[in-house]
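Colleague: I would like a close look at a single part of this model, namely its aromatic rings and what surrounds them. Could you walk me through that part slowly, in a way a first-year student can follow?

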Amino acid sequence: MSETDAGLFLIRVTAGLLMAGHGAQKLLGWWGGSSMAGWARDLEQKQGIRPGWLWAWVSVGGQFFGGIALAAGLLTPIAATIALVAPMTVVVIQKHSRSEEHTSELQSLAYLVCRLLLEKK
């Protein structure tokens, strides 16, 4: 394994586990998370996004399942694309509501890491 491969492996696993953990927080209500019902409610009430349950599942599904697949190295380009669904959903929500409430450095980092992993060698 070359140094480049080892570096990409560490980035892939770290980014995947961070995304999966963040998705688990919303999906399962772990670590003080709001659970799916709470996230869907926040989308509808605070952001005005309807149907909240649909966008909640899109964003959390991308984070949790895409993150797990990315960390495991399962079809990495597809997993990175799925994991991009979560930050891109937030971008759509922000553009729609003109809110900065959900802006974070983690979302920007997740986007950049997934773009890196999608680049052709």
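Modeller: In this predicted model, a search of the whole structure finds two aromatic pairs. A pair of aromatic rings is described by the distance of the centres and the angle of the planes. For Trp30 and Trp31 the ring centres are 5.3 Å apart and the planes stand at 85°, so this pair is edge-to-face, given that an angle over 60 degrees earns that name. Phe64 and Phe65 form an aromatic pair that is edge-to-face as well, with 5.0 Å from centre to centre and 80° between the planes.

The surroundings of these rings deserve some care. Trp30 has a relative accessible area of 45% and is therefore partly exposed, since that class lies between 20% and 50%. Trp31, at 59% relative accessibility, counts as exposed because its value is over 50%. Phe64, in the other pair, has a relative accessibility of 16%, and because this is under 20% it counts as buried.

Following Phe64 inward, we find it in the largest nonpolar core, which has 10 residues in all and also includes Ala24, Leu27, Met36, Trp39, Ala40, Leu43, Ile49, Ala56 and Val60. Three helices, α1 (3-28), α2 (35-45) and α3 (52-72), each supply at least two residues of this core, and the largest share, four residues, comes from α2. Apart from residues up to four places away in sequence, the core residue Met36 touches Lys26, Leu27, Ala56, Trp57 and Val60. There is also a second, separate core of five residues, among them Ala15, Ala69, Leu70 and Ala80.

Another aromatic ring, that of Trp39, has a charge for company: the charged end of Lys26 sits over this ring, 4.4 Å from its centre. Lys26 is itself one of the buried residues of α1, a list that also includes Arg12, Gly16, Met19, Ala24 and Leu27. The 26 residues of α1 should span 38 Å at 1.5 Å a residue, and its end C-alpha atoms are 36 Å apart, which agrees. After α1 comes Gly29, with a positive phi near 75°.

The helix α3 can be read in a similar way, for its 21 residues reach 30 Å from the first C-alpha to the last, close to the 30 Å expected at 1.5 Å a residue. Even so, α3 has a kink of about 30° centred on Gly61, and the helix is followed by Gly73, whose phi is positive, near 80°. Ala71 is found in α3, and at 16% relative accessibility it counts as buried, because that value is under 20%. Leaving aside neighbours within four places in sequence, Ala71 is in contact with Arg12, Val13, Gly16 and Leu17. The C-alpha atoms of Ala71 and Leu17 are separated by 5.9 Å, although the two residues are 54 residues apart along the chain.

To place this part within the whole, the protein chain has five helices and zero strands, and 38% of its 121 residues count as buried. Among its contacts with a separation of 6 or more, 59% join residues 24 or more positions apart.

Methods. Residues numbered from 1 in each chain as written. Predicted model: local features only at pLDDT ≥ 70, side-chain atom pairs only at ≥ 80, totals over all residues. Heavy atoms only, no water. Core = buried A, V, L, I, M, F, W, Y, C linked by side-chain atoms within 4.5 Å. Buried < 20%, exposed > 50% of the residue type's maximum accessible area, 1.4 Å probe, protein only. Contact = heavy atoms within 4.5 Å. Expected span 1.5 Å × (residues − 1). Bend = angle between axes of the 7 residues up to and from the residue. Phe/Tyr/Trp six-rings, centres within 6.5 Å; stacked < 30°, edge-to-face > 60°. Lys NZ or Arg CZ within 6 Å of the ring centre and 35° of its normal.
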